[in-house]
Amino acid sequence: MEGRDYEVFLSFRGLDTRKGITDHLYTRLREAGVRAYRDDEDLHTGEEIGPDLLGAIEQSKISIPILSKSYASSKWCLMELTKMVECRKRKGQIIMPIFYYVEPSELRYQTGCCGEALLVHENRKRVDDETIGKWRAALNVVGGLKGWNIENVANRHEGQLVKQVVTTVLSELKKAYLEVCDFLVGIDDSVKEVLGMIDSDKDNVKTVGIHGMGGIGKTILAKVVYNQLSQEFAYTCFLGGVRDTSNSKGLVYLQNRLISDLSNQTLPSVDDVEKGRGTIKERFSSKKVLVLLDDVDDESQLIALLGRRCCFGHGSRILITTRDAMVLRAYKVNSTYLVEGMDFPRSLQLFSKHAFRRDHPPIEKLEQSREIVKFAQGLPLLLEVMGLTLSLRGQRKEIWDDYLMKLKKGVIKRIRSTLMISYEALDPNQRQIFLDIACLFDGYDKSTVMYMWEDCGLCPT
């Protein structure tokens with residue numbers, strides 16, 4: 001990828017931050033659809049910055065130096081910093097420094113570890129005096145800029161710092177970005193598959209439906225895909241909770257939100273569903289748009305918001321999430337993707353991330369963790385709820401034993417409400433069939449109970 005394709009340039013000392021905050025920030029920026037360049041000074045050879053690296057700094061809209069304790073000990077880092085300051089002065093490039101256990105005053109006045117590193121460069125005659133002067137000037141400028149200091153973040157929580165940085169970057173780049181949870185496990189293959197559906201036949205409008213039971217991870221998957229596509233679209237819209245909003249505020253409210261978001265401005269409201277459909281078609285039939293409709297439960301919602309045959313311009317991409325695949329079939333979407341439960345190893349990893357902030361449980365909690373994860377049956381929302389709950393309650397064995405006992409008895413309110421999500425979405429006939437299976441007919445021959453349900457008028461097929 002050439003330099004002109006980058007939006008954000010990350011400069012860091014690999015020794016200090018490569019596997020920590022730098023990797024976390026780079027990953028979150030890429031997930032948000034930001035074209036970020038991650039330079040690793042440990043991989044450089046020679047005495048001068050190469051043309052590719054210069055191009056990446058030159059063409060980036062934002063540079064983020066992660067100023068750690070040994071940053072100034074690297075001449076490559078200092079050369080990059082000097083180039084950033086030059087670009088800032090010459091063409092207004094934005095520099096967003098992260099002070100990583102280094103005080104801004106240490107850079108501004110070249111004291112502490114920063115001053116010591118410069119003295120080493122001078123004494124060993126690594127560069128001439130003019131270059132040292134440029135480095136000092138660049139450090140002075142960056143030390144006086146507004147940025148982020150890890151020492152000022154609550155509990156020095158790097159995840160919170162990264163979230164703040166990404167939000168600010170997106171605001172500067174004016175990108176549509178949807179927040180996703182910090183802990184994503186096993187989602188890459190699904191994202192790749194959905195993007196494959198989306199990217200085929202780029203000139204035509206594509207509608208992709210993502211379906212599965214409540215709490216299975218449809219929304220997170222759709223948001224990650226949306227974030228990765230958003231850089232390609234000038235017109236974007238995310239409508240969350242379509243089912244609930246449609247019931248509480250009506251389809252006209254959703255139409256007005258869609259029109260407003262895609263127009264990037266507040267417009268006179270429509271007051272009728274048919275007028276709304278006409279306005280959407282009139283305004284956006286020639287526009288290439290990206291739209292995500294989350295938690296749809298009726299074809300009428302899709303017709304009201306997208307038109308009967310999707311009324312947007314060539315190259316538009318529409319993502320739809322729903323618990324009911326029949327809605328997608330009725331609307332005749334181009335492709336569908338079924339989100340299934342997580343396998344046990346990934347379930348254990350996701351639970352561990354929420355409960356322990358690590359990929360695997362500590363050895364003393366392994367058996368209890370495995371018991372709890374078995375109960376979740378691969379449902380990500382349930383794993384998240386249980387992990388977060390236990391992380392707040394503490395690590396004492398008796399607390400976990402008590403929680404596991406209550407879990408088996410079904411008396412934990414948050415768990416019951418989580419499991420009720422899909423049940424409450426069923427119609428009365430479906431609820432009766434579900435209860436029959438759960439309480440009476442688990443393991444019975446399917447044909448036997450199907451005849452019974454048909455005789456009772458429950459329409460099992």
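In this predicted model, the structure holds one cavity of 30 Å³ or more. The space in the largest cavity comes to about 60 Å³. Its lining consists of Leu-67, Ser-68, Lys-69, Tyr-71, Ala-72, Val-102, Leu-107, Cys-113, Cys-114 and Leu-139. By class, that lining divides into eight nonpolar residues, one polar and one charged. Lys-69 is the charged member, because Lys counts as charged. Ser-68 is the polar one, because Ser is in neither the nonpolar nor the charged list.

**Overall frame**

The protein chain has 461 residues, and buried residues make up 49% of them. It carries 22 helices and 11 strands. Along the principal axes, the C-alpha atoms fill a box of roughly 95 × 65 × 35 Å. Contacts reach far along the sequence. Of those between residues at least 6 apart, 74% join residues at least 24 apart.

**The nonpolar core**

The largest nonpolar core has 44 residues. Val-194, Leu-221, Phe-351, Ile-372 and Met-386 have the most contacts inside it. Eight elements each supply at least two of its residues: helices H9 (188–199), H10 (218–229), H16 (344–356), H17 (366–376), H18 (380–393) and H19 (397–409), with strands S7 (206–211) and S9 (289–296). H10 gives the largest share, six residues. In soluble globular proteins, nonpolar side chains tend to be buried together.

What does Val-194 contact beyond its neighbours within four places in sequence? The partners are Val-208, Ile-210, Leu-221, Val-225, Leu-319 and Tyr-337. Leu-221 is itself among the core residues with the most contacts.

**Strand S9 and its partners**

S9 also belongs to the elements that supply the core. The strand is mostly covered, with eight of its eight residues buried. How does S9 pair with strand S8 (residues 235–239)? The sense is parallel, over five bridges. Within this pairing, Thr-236 has Leu-290 of S9 as its bridge partner. S9 also pairs with strand S10 (residues 317–322), in the parallel sense and over five bridges. There, Val-291 stands opposite Ile-318 of S10. In a regular strand the side chains alternate between the two faces of the sheet.

Asp-295 lies in S9 as well. Its phi is positive, about 60 degrees, although Asp-295 is not a glycine. Asp-295 is buried, because its relative accessible area of 14% falls under the 20% cut-off.

Gln-377 is another residue other than glycine with a positive phi, near 55 degrees. Gln-377 sits in the loop between H17 and H18. Buried or exposed, what is Gln-377? It is exposed, because its relative accessibility of 67% is over 50%.

**Charged residues in the helices**

Three charged residues in helices follow, with their location and relative accessible area.

| Residue | Element | Relative accessible area |
|---|---|---|
| Glu-58 | H3 (residues 51–59) | 16%, buried |
| Arg-88 | H4 (residues 75–91) | 36%, partly exposed |
| Glu-172 | H8 (residues 158–173) | 41%, partly exposed |

Glu-58 counts as buried because 16% is under 20%. Which residues does Glu-58 touch, not counting those up to four places away in sequence? They are Lys-83, Cys-87, Arg-90, Lys-91 and Gln-93. Three of these partners, Lys-83, Arg-90 and Lys-91, are of the charged class.

Arg-88 is partly exposed because 36% lies between 20% and 50%. Leaving out residues up to four places away in sequence, Arg-88 touches Gln-93, Ile-95, Val-141 and Leu-145. Gln-93 is thus a contact of Arg-88 and also of Glu-58. Arg-88 and Lys-61 are 27 residues apart along the chain, and their C-alpha atoms are separated by 9.6 Å.

Glu-172 is partly exposed because 41% lies between those limits. Beyond its neighbours within four places in sequence, Glu-172 is in contact with Ile-62, Ile-94 and Met-96. How far apart are the C-alpha atoms of Glu-172 and Ile-94? The separation is 9.0 Å, with their positions 78 residues apart along the chain counted as the gap.

Technical notes: Residues are numbered from 1 along each chain as its sequence is written. This is a predicted model: local features need pLDDT of at least 70, side-chain atom pairs count only at pLDDT 80 or more; totals for chains, interfaces and linings use all residues. Side-chain values use heavy atoms; hydrogens and water are left out. On a 1 Å grid over the protein atoms alone, a cavity is a set of points where a 1.4 Å probe fits but cannot get out, and a pocket is an open set with protein on both sides within 12 Å along at least five of seven lines; lining residues have an atom within 4 Å of a point. Grid points are joined across faces, edges and corners, and a volume is the space filled by probe spheres set on the points. A nonpolar core is a set of buried Ala, Val, Leu, Ile, Met, Phe, Trp, Tyr and Cys residues joined through side-chain atoms within 4.5 Å. Buried means under 20% relative accessible area, exposed over 50%, partly exposed in between (1.4 Å probe, protein chains only). Helices (H or I, at least four residues) and strands (E, at least two) are DSSP runs, numbered from the N terminus. Contact means heavy atoms within 4.5 Å. Two strands pair if DSSP finds at least two bridges between them.
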